[in-house]
Amino acid sequence: LSADLVGQVTARAQGLRGAAAFQFLWEEFLLPLARSMVPGVEAAVEEFRPDVLLVDQQALSGAVVARRRGMRWATSATTSAELADPYALVPRIGEWVENALRQLQRDFGVPEAAAARSDPRFSEHLVIIFSTQALVGPKLRFPGHYHFVGPSVAGRVERLDDFPWDWFGDVPRVLVSLGTVNADAGDRFYATVIEALGGRALQVILVGPRDR
C-alpha cells in the first residue's frame, strides 16, 4: 500500500469504535494489504529460494505464499492480544475472521484442507512471541512450538537494579496499553480508564504518550 493510501485509511479509521473499528481494520487494511503483497512476496521467494520464511503476524501474505508452496515458516507475533482468543465473547466476529482468512488462502491457491486446518496468523511450525507469558496470560496454555522471547524493541535487559520496585504495592495490578500504533488516538480511552478504575483497590500501570 502506498503512503498516501495508508494515510487515507488511517484518516477514515478515526472515530470508529467497537465492531465498526474491527471490521474496518480487517476489510480496509489487513486483508487488502495481504492481497496486494502476495505477488511481491511470491516473486521474492522465487528469486531468493529461502529455506524458511519469517512472517509478521499481521502481514498474512507470507503465510499464504508459504502454505501454497508447502514451505516451513515461522510467525513473528507482536500482537499478543490475538493469542488469548479475543473473540471468545463475540463468537460471530471470530467466525467471520476465520471465514475471511480461509477465503484469502483459497483465493491464492492454498489447498482447501490446509486453509481449513490452521490460522495464517499463527504458524504450525514456530510462533515467536515478543512478550512474556505473565503479560499474555499466566494460566493460558500454548502449544510447544509457541516461544515467548520478550520485547524486541531493544537489547534484552537481564537485571533491573535501578527500577523503582517499591512503587508496586501488594494490591492487584492492571497493565493498560494501546500499543504503539493506536497510542496517539487514545485520549478518550485513557480518560475512560482513569475514570473507571480510579478509587478502586487496584494499582493501574497505564502506558501512553508522555503528553497525554
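Which residue follows α4, and what is the sign of its phi? Gly 109 comes after α4, and its phi is positive, near 85°. Here are my notes on the rest of this predicted model.

1. **Overall layout.** The chain has seven helices and six strands. Reading from the N terminus, the order of elements is α-α-β-α-β-α-α-β-α-β-β-α-β. There are 212 residues in the chain, and 29% of them count as buried. If you take contacts between residues at least 6 apart in sequence, 54% of them join residues at least 24 apart. A couple of such long-range pairs turn up below.

2. **Helix α4, its span.** This helix covers residues 91-107, which makes 17 residues. From the first C-alpha to the last, α4 reaches 24 Å, close to the 24 Å expected at 1.5 Å a residue.

3. **Helix α4, its two sides.** Gly 94, Val 97, Ala 100, Leu 101, Leu 104 and Gln 105 are the buried residues of α4. They sit on the same side of the helix, because the arc they cover around the axis is only 135°. The general rule behind such a pattern is that an α-helix has 3.6 residues a turn, so residues three or four places apart point the same way. On the other side of α4 you will find Pro 91 and Arg 92, which are exposed.

4. **The second largest pocket.** Keep α4 on screen for this one. The second largest pocket holds about 280 Å³ of space, and 18 residues line it. Nearest its centre are Gly 94, Glu 98, Asp 119, Arg 121 and Phe 122. Two elements, α4 and α5 (112-117), give two or more residues to this lining. The largest share comes from α4, with six residues. By character, the lining of this pocket splits into eight nonpolar, three polar and seven charged residues. Note that Gly 94 is listed among the buried residues of α4 and also among the residues nearest the pocket centre.

5. **The cavity.** How many cavities of 30 Å³ or more does the structure hold? There is one, and the volume of the largest cavity is about 30 Å³. Its lining is made up of Trp 26, Leu 30, Gln 57, Gln 58, Leu 60, Glu 82 and Arg 121. Three of these lining residues are nonpolar, two are polar and two are charged. Arg 121 is worth a click, as it lines this cavity and is also one of the residues nearest the centre of the second largest pocket.

6. **Helix α3.** Is this helix enclosed or open to the outside? It is largely enclosed by the rest of the structure, since seven of its nine residues (the helix is residues 61-69) are buried. The buried ones are Ser 61, Gly 62, Ala 63, Val 64, Val 65, Ala 66 and Arg 67. An arginine, Arg 67, is on that list. After α3 comes Gly 70, with a positive phi near 70°. So the helices α3 and α4 can be looked at together here, because each is followed by a glycine with positive phi, and glycine is outside the rule that most other residues have a negative phi.

7. **Arg 49.** Now for a residue that does not follow that rule. Arg 49 has a positive phi of about 50° although it is not a glycine. You will find Arg 49 in the loop between α2 (18-48) and β1 (52-56). Its relative accessibility is 53%, so Arg 49 counts as exposed.

8. **Ala 34.** Go back into helix α2 for this residue. With a relative accessibility of 1%, Ala 34 counts as buried. Leaving out residues up to four places away in sequence, Ala 34 touches Leu 60, Ser 61 and Leu 104. Ala 34 and Leu 60 are 26 residues apart in sequence, yet their C-alpha atoms are 5.3 Å apart in space. Two of the partners are familiar: Ser 61 is a buried residue of α3, and Leu 104 is a buried residue of α4.

9. **Val 176.** Last stop, strand β5 (residues 173-177), where Val 176 lies. Val 176 has 10% relative accessibility and therefore counts as buried. Beyond residues up to four places away in sequence, Val 176 touches Phe 189, Val 193, Val 204, Ile 205, Leu 206 and Val 207. Val 204 is 28 residues from Val 176 in sequence, and the two are 7.2 Å apart in space, C-alpha to C-alpha.

Conventions
Residues are numbered from 1 along each chain as its sequence is written. This is a predicted model: local features need pLDDT of at least 70, side-chain atom pairs count only at pLDDT 80 or more; totals for chains, interfaces and linings use all residues. Side-chain values use heavy atoms; hydrogens and water are left out. Helices (H or I, at least four residues) and strands (E, at least two) are DSSP runs, numbered from the N terminus. Buried means under 20% relative accessible area, exposed over 50%, partly exposed in between (1.4 Å probe, protein chains only). Contact means heavy atoms within 4.5 Å. The expected span of a helix is 1.5 Å times one less than its number of residues. The arc is that of the directions from the helix axis to the C-beta atoms. On a 1 Å grid over the protein atoms alone, a cavity is a set of points where a 1.4 Å probe fits but cannot get out, and a pocket is an open set with protein on both sides within 12 Å along at least five of seven lines; lining residues have an atom within 4 Å of a point. Grid points are joined across faces, edges and corners, and a volume is the space filled by probe spheres set on the points. Ala, Val, Leu, Ile, Met, Phe, Trp, Tyr, Cys and Pro count as nonpolar, Asp, Glu, Lys and Arg as charged, and the others, Gly among them, as polar.
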